[in-house]
Amino acid sequence: MDKNFQEEFMQIIKFEPPLYKQRHQFVRDLVEKYKPKKVADLGCADCRLLWMLKFCSCIGVLAGLDICANAMKEKMYTLSPLPVDYLQPSERSLTITLHHGSVAHKDPCMLGFDLVTCIELIEHLEESELNKFPDVVFGFMAPSIVVISTPNSDFNPLLPGVMLHRHPDHKFEWSQAQFQSWALETARCYDYSVEFTGVGDPPTGMEKVGFCTQIGVFIRKYPPSGLSVQSETPTEAVYKTIFKVVYPSLKDEKYLQNAVISEVIFTAQIIKRRLMSKREEYGDDPGRKSKFQLSMDCFSDQLGKLVVEKNMEPFVSGNEVYIPLATIFSFPKVNQLCGTFEKLCKLIAGKVTLSNDGSAVMFSIEHENEEN
């Protein structure tokens with residue numbers, strides 16, 4: 001939240017990468033360590049952190065909350081799937097939702113998260129909101145991990161241009177002692193442990209002032225009882241959902257079917273081209289039939305190793321080429337997508353031209369012969 005203002009006065013002390021990137025990287029490193037499946041970013045503002053986290057393969061649910069709807073709306077399009085996400089769906093499912101509301105209010109949509117991040121948030125809260133904040137986040141939401149970052153006022157004298165606060169919207173800025181006192185008391189009240197760290201190293205010889213941004217990482221000691229949370233769960237939502245997107249995923253059978261059909265046709269076409277190339281090379285001489293049979297050297301390493309059995313050999317009959325499904329299923333990509341031969345048959349049924357008995361993909365070469 002402080003990026004633009006910091007750049008104006010940080011002429012002597014420069015952080016590389018910029019502080020906001022260091023904060024976001026800190027969260028990403030934490031995600032890589034703990035592998036949370038559901039992550040909520042409170043005070044998400046321009047959604048930059050959410051955008052970074054959407055690339056973490058362990059995360060299946062991302063949610064953002066901010067009191068300023070316009071800030072989210074301006075950048076929420078960056079969270080939408082790209083064309084490549086539809087062309088090559090991921091194996092994981094991912095849902096991203098943005099909510100408009102205050103961290104001082106409880107809403108059931110924020111229950112069940114593994115990690116909650118509050119990056120440069122608490123210093124923007126009024127005293128009444130700050131008093132409610134711990135009960136909402138640690139008592140009601142009760143995630144396994146909470147990350148809170150906030151400016152370290154001990155560092156402020158080193159920042160040219162800072163008179164009182166680093167940002168005009170800051171209601172306060174805590175020293176290391178103040179933040180640690182608040183964090184330790186909050187952790188004690190809600191059965192969390194807390195470790196202190198930060199980003200933005202002080203100049204050499206001034207280590208006592210601490211990090212420019214101080215960070216507390218709270219780890220829940222015990223699973224929530226459930227009873228206390230349920231009794232306090234609001235019956236009605238208080239946040240307004242302003243954005244929601246579900247990414248295409250191979251866990252959705254519609255996208256899985258499309259991917260399988262595409263891969264089956266691609267694989268069959270490759271085999272067909274190799275087969276027709278061999279046919280042109282050796283002709284129809286019965287005495288050279290063995291040379292005409294498909295062999296391992298017909299395939300590139302990229303397509304994987306294919307074990308060809310007698311009943312899996314592609315063949316030409318009249319103006320038709322037949323590529324056995326058993327051969328296609330032997331290719332690693334097809335096998336990985338389908339899992340079982342039965343599922344392969346189910347997914348392509350009625351979508352790919354098959355032989356009468358359904359055992360092979362069939363292509364016509366009549367037009368190819370006419371062109372030749």
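**Exercise 1. Take the loop that holds Lys-35, between helix 2 and strand 1 (38–42), and work out what sets the backbone of Lys-35 apart.**

Keep in mind that you're looking at a predicted model.

Step 1. Start with the background: most residues other than glycine have a negative phi, and most peptide bonds are trans.

Step 2. Now check Lys-35: its phi is positive, about 55°, although the residue is not a glycine.

Step 3. Look at the surroundings. Lys-35 has a relative accessible area of 45%. Buried would need under 20% and exposed over 50%, so Lys-35 comes out as partly exposed.

**Exercise 2. Find out which loop holds Asp-191, and describe its phi and its accessibility.**

Step 1. Asp-191 sits in the loop between helix 7 and strand 6.

Step 2. Its phi is positive, about 60°, and again Asp-191 is not a glycine.

Step 3. With 41% relative accessibility, Asp-191 counts as partly exposed.

**Exercise 3. Locate the cis peptide bond at Pro-17 and name its partner.**

Step 1. Go to the loop between helix 1 (3–9) and helix 2, where Pro-17 lies.

Step 2. Read omega for the bond joining Glu-16 and Pro-17: about -5°, a cis peptide bond.

**Exercise 4. Lay out the sheet of 8 strands and see what packs on it.**

Step 1. Write down the order. The strands run 6-7-5-4-1-2-3-8 in an open sheet, and the pairing is mixed.

Step 2. Find the ends. Strand 6 (192–199) and strand 8 (240–246) each have a single partner strand, so one side of each has no neighbour in the sheet.

Step 3. Add the twist: ignoring direction, neighbouring strands are turned by 15° against each other on average.

Step 4. Zoom in on one pair. Strand 5 (residues 145–151) and strand 7 (residues 213–220) run antiparallel and are joined by 7 bridges. As a landmark, Thr-150 stands opposite Gln-214 in strand 7.

Step 5. Bring in the helices. Helix 2 (residues 19–34) packs on the sheet, touching strand 4 (115–119), strand 5, strand 6 and strand 7, and its direction makes about 20° with that of strand 7. Helix 7 (residues 176–189) lies across strand 5, strand 6 and strand 7, running at about 155° to strand 6.

**Exercise 5. Do the same for the sheet of 3 strands.**

Step 1. The order is 9-10-11, in an open sheet with antiparallel pairing.

Step 2. Strand 9 (315–317) and strand 11 (360–364) are the edge strands, each pairing on one side only.

Step 3. From one strand to the next, the twist averages 25°.

Step 4. Strand 9 is joined to strand 10 (residues 320–324) by 3 bridges, and Ser-317 stands opposite Glu-320 in strand 10.

**Exercise 6. Trace the largest nonpolar core: which residues have the most contacts inside it, and which helix gives the most to it?**

Step 1. This core has 38 residues, and those with the most contacts inside it are Leu-53, Leu-98, Val-147 and Phe-155.

Step 2. Helix 2, helix 3 (48–53), strand 3 (95–100), strand 4, strand 5, strand 7 and strand 8 each supply at least two residues. Helix 2 gives the most, with 5 residues.

Step 3. Pick Leu-98 and list what it touches. Leaving aside neighbours within four places in sequence, its contacts include Cys-44, Cys-47, Leu-50, Met-72, Ile-242 and Phe-243.

Step 4. Don't stop there: apart from this core lies another, of 31 residues, among them Ala-63, Val-137, Phe-172 and Phe-179.

**Exercise 7. Place Pro-134: which helix holds it, and is it buried or exposed?**

Step 1. Pro-134 lies in helix 6 (residues 127–141).

Step 2. Its relative accessible area is 9%, which makes Pro-134 buried.

Step 3. Beyond residues up to four places away in sequence, Pro-134 touches Gly-139, Trp-182, Thr-186 and Tyr-190. Pro-134 and Ala-183 are 49 residues apart in sequence, yet 9.6 Å apart in space, C-alpha to C-alpha.

**Exercise 8. Sort helix 13 (residues 341–348) into a buried side and the face turned away from it.**

Step 1. The buried residues are Leu-344, Leu-347 and Ile-348. They span an arc of only 85° around the axis, so they're on the same side of helix 13.

Step 2. Why does that spacing work? An α-helix has 3.6 residues a turn, so residues three or four places apart point the same way.

Step 3. On the face turned away from the buried side you'll find the exposed residues Glu-342 and Lys-346.

Step 4. Past the helix comes Gly-350, with a positive phi near 80°.

Definitions and conventions. Residues numbered from 1 in each chain as written. Predicted model: local features only at pLDDT ≥ 70, side-chain atom pairs only at ≥ 80, totals over all residues. Heavy atoms only, no water. Buried < 20%, exposed > 50% of the residue type's maximum accessible area, 1.4 Å probe, protein only. Helix = DSSP H or I, 4+ residues; strand = E, 2+ residues; numbered from the N terminus. Arc of directions from axis to C-beta. Contact = heavy atoms within 4.5 Å. Pairing = 2+ DSSP bridges. Axes fitted to C-alpha atoms, helices over the stretch in contact; angles between N-to-C directions. Core = buried A, V, L, I, M, F, W, Y, C linked by side-chain atoms within 4.5 Å.
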